[in-house]
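Here is a short run of questions on empty space, ligand contacts and backbone geometry. The answers follow each question.

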Amino acid sequence: MRWIDLRSDTVTEPTPEMREAMANAEVGDDVYGEDPTVNHLQELSAKMLGKEAALFVPSGTMGNLAAILAHCARGDEIIIGDRSHTYLYEAGGVSALGGIHTFVVENRDDGTVPPDEIEAAIRADNDHFPITRLICIENTQNRCGGSVLSIDYTQEVGRVAKEHGLCMHIDGARIFNAAIALGVSPAELVAPADSVTFCLSKSLCAPVGSIICGDEAFIQKAHRVRKMLGGGMRQAGVLAAAGVVALESMVDRLREDHFRACRLAETLVELPGISLDYETPATNMIFLRLDAEAPISGEELVRRFADKGIKISASRGGQMRLVMHYWVDEGALAQVTEAFKELFLHA
Ligand code: TLP
């Protein structure tokens with residue numbers, strides 16, 4: 001049985017085209033900078049993101065960590081949203097491994113933190129305080145419904161950073177989803193940022209890997225940090241080859257995932273016992289809650305769906321996330337829609 005897996009877009013497996021590219025990849029020792037496929041992926045990434053240089057890393061978590069460590073010294077402070085992935089789900093790496101202090105500001109439901117609140121979080125020059133070094137934002141904002149930060153907002157935060165001599169980092173794990181949803185180029189969207197991390201291994205379907213982009217000097221620093229973290233890979237071209245296919249052929253189709261998320265949301269919003277945190281999903285995620293009148297509990301829903309070959313994540317504080325991706329095609333969407341109707345209309 002082939003599962004329909006809605007737990008995340010991280011579950012995506014490589015496409016047949018990727019597997020073929022991986023099998024045939026030209027490789028070399030990437031720690032020496034001699035893997036032609038990694039070099040090609042890095043050049044392509046930098047070009048697409050409009051930055052001078054790029055670095056291939058094993059994961060989004062390492063990408064954010066290496067970028068933040070390249071920007072900051074021990075004792076420095078970063079300003080970061082309370083619903084950001086780096087703050088919530090990266091095992092506290094920035095403090096555990098970098099000795100970096102976090103000033104946590106409140107993400108609104110649309111993924112933003114008002115720029116004046118970011119500005120107010122910047123420390124004065126005073127021996128009692130840590131030194132503010134970096135502002136981190138996330139686009140799309142995962143825990144805010146996969147919401148999209150606009151170009152105007154990103155520019156506004158970039159302006160605050162510049163005015164105070166700070167750097168700005170974007171966790172752009174799903175930056176291509178954001179760019180597609182806005183109808184802009186990813187380069188335009190991340191232009192105000194000094195660095196950006198994006199993931200090849202989410203909706204773009206590559207099996208492994210993320211990319212950090214920034215200027216040459218910054219990427220050189222990140223290269224050293226990557227080594228320090230144990231992320232210097234050798235013949236990584238076999239992985240990078242899938243990343244090249246991802247960038248060349250998987251970006252435009254992300255709009256299909258967004259479209260399917262909207263269509264599923266339209267069904268769910270009509271069902272008794274379900275409420276949606278965001279009635280129109282901004283990108284590829286749906287966040288739902290079961291009301292008191294729901295015919296089944298969250299745990300029961302996970303079990304009943306598993307019986308039908310559909311994997312969904314257990315509820316977190318009453319909230320459940322469904323994620324669309326390449327392997328959820330029209331047939332799979334129809335099965336999921338039917339399964340919801342059966343459990344909620346005919347229970
Ligand atoms: N997110 C995963 C889980 O860790 C929650 C998911 O299923 O969505 N930034 C953002 C915005 C992310 O959503 C993730 C992964 C990462 C970074 C980390 O990427 P990896 O898993 O490659 O370390």
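Q: How much space lies in the largest cavity?
A: The model is predicted. A cavity here is a set of points where a 1.4 Å probe fits but cannot get out. For the largest cavity, the space comes to about 80 Å³.

Q: Which residues are the closest to the centre of the largest cavity?
A: The lining of the largest cavity holds 16 residues. By class they divide into 10 nonpolar, 5 polar and 1 charged. Closest to the centre are Gly81, Asn107, Val113, Cys136 and Ile137.

Q: Which element gives the most residues to the lining of the largest cavity?
A: Two elements give two or more residues to this lining: strand 3 (76-81) and strand 5 (131-138). The top contribution is 4 residues. It comes from strand 5.

Q: How many cavities of 30 Å³ or more are there?
A: The largest cavity has about 80 Å³ of space. With the cut-off at 30 Å³ or more, the count is 4.

Q: What is the volume of the largest pocket, the space taken by the ligand?
A: A pocket, unlike a cavity, is an open set of points. The ligand takes up the space of the largest pocket. The volume of that pocket is about 370 Å³.

Q: Which residues lie closest to the centre of the largest pocket?
A: The largest pocket is lined by 29 residues. They split into 7 nonpolar, 13 polar and 9 charged. Closest to the centre are His85, Asn142, Arg174, Lys202 and Arg321.

Q: Which elements give two or more residues to the lining of the largest pocket?
A: Helix 3 spans residues 60-71. It also gives the largest share of the shell around the ligand, 3 residues. For the pocket lining, the elements with two or more residues are helix 3, helix 4 (85-89) and strand 12 (319-323).

Q: Which residues come nearest to the ligand?
A: The shell around the ligand has 15 residues. Its classes are 1 nonpolar, 8 polar and 6 charged. Nearest are Ser8, Thr61, His85, Asp171 and Arg174.

Q: Which residue has a side-chain N or O atom 2.7 Å from a nitrogen atom of the ligand?
A: Oxygen atoms of the ligand are approached by other side chains: a polar atom of asparagine 142 lies 2.9 Å from one, and a polar atom of lysine 202 also lies 2.9 Å from a ligand oxygen. The cut-off for a polar contact is 3.5 Å. At the nitrogen atom, the 2.7 Å partner is aspartate 171.

Q: What share of the ligand's accessible area does the protein cover?
A: On its own, the ligand has 520 Å² of accessible area. The protein covers part of that area, and the share is 82%.

Q: Which peptide bond is cis?
A: Look at the loop between strand 5 and helix 7 (151-163), where threonine 140 is placed. Omega is near 5° for the bond that leads into this residue. The cis bond runs from asparagine 139 to threonine 140.

Q: Where is alanine 91, which has a positive phi?
A: Phi of alanine 91 is about 60°, although the residue is not a glycine. Alanine 91 sits in the loop between helix 4 and helix 5 (93-98).

Terms used
Residues are numbered from 1 along each chain as its sequence is written. This is a predicted model: local features need pLDDT of at least 70, side-chain atom pairs count only at pLDDT 80 or more; totals for chains, interfaces and linings use all residues. Side-chain values use heavy atoms; hydrogens and water are left out. A residue is near a molecule or strand if one of its heavy atoms lies within 4 Å of it. A polar contact is a pair of N or O atoms within 3.5 Å; within protein, one must be able to donate a hydrogen and the other to accept it, and residues adjacent in sequence count only if both atoms are side-chain atoms. Accessible areas come from the Shrake-Rupley method with a 1.4 Å probe; for residues, only the protein chains shown count as cover. On a 1 Å grid over the protein atoms alone, a cavity is a set of points where a 1.4 Å probe fits but cannot get out, and a pocket is an open set with protein on both sides within 12 Å along at least five of seven lines; lining residues have an atom within 4 Å of a point. A molecule sits in a cavity or pocket if more than half of its atoms lie within 2 Å of its grid points. Ala, Val, Leu, Ile, Met, Phe, Trp, Tyr, Cys and Pro count as nonpolar, Asp, Glu, Lys and Arg as charged, and the others, Gly among them, as polar. Grid points are joined across faces, edges and corners, and a volume is the space filled by probe spheres set on the points.
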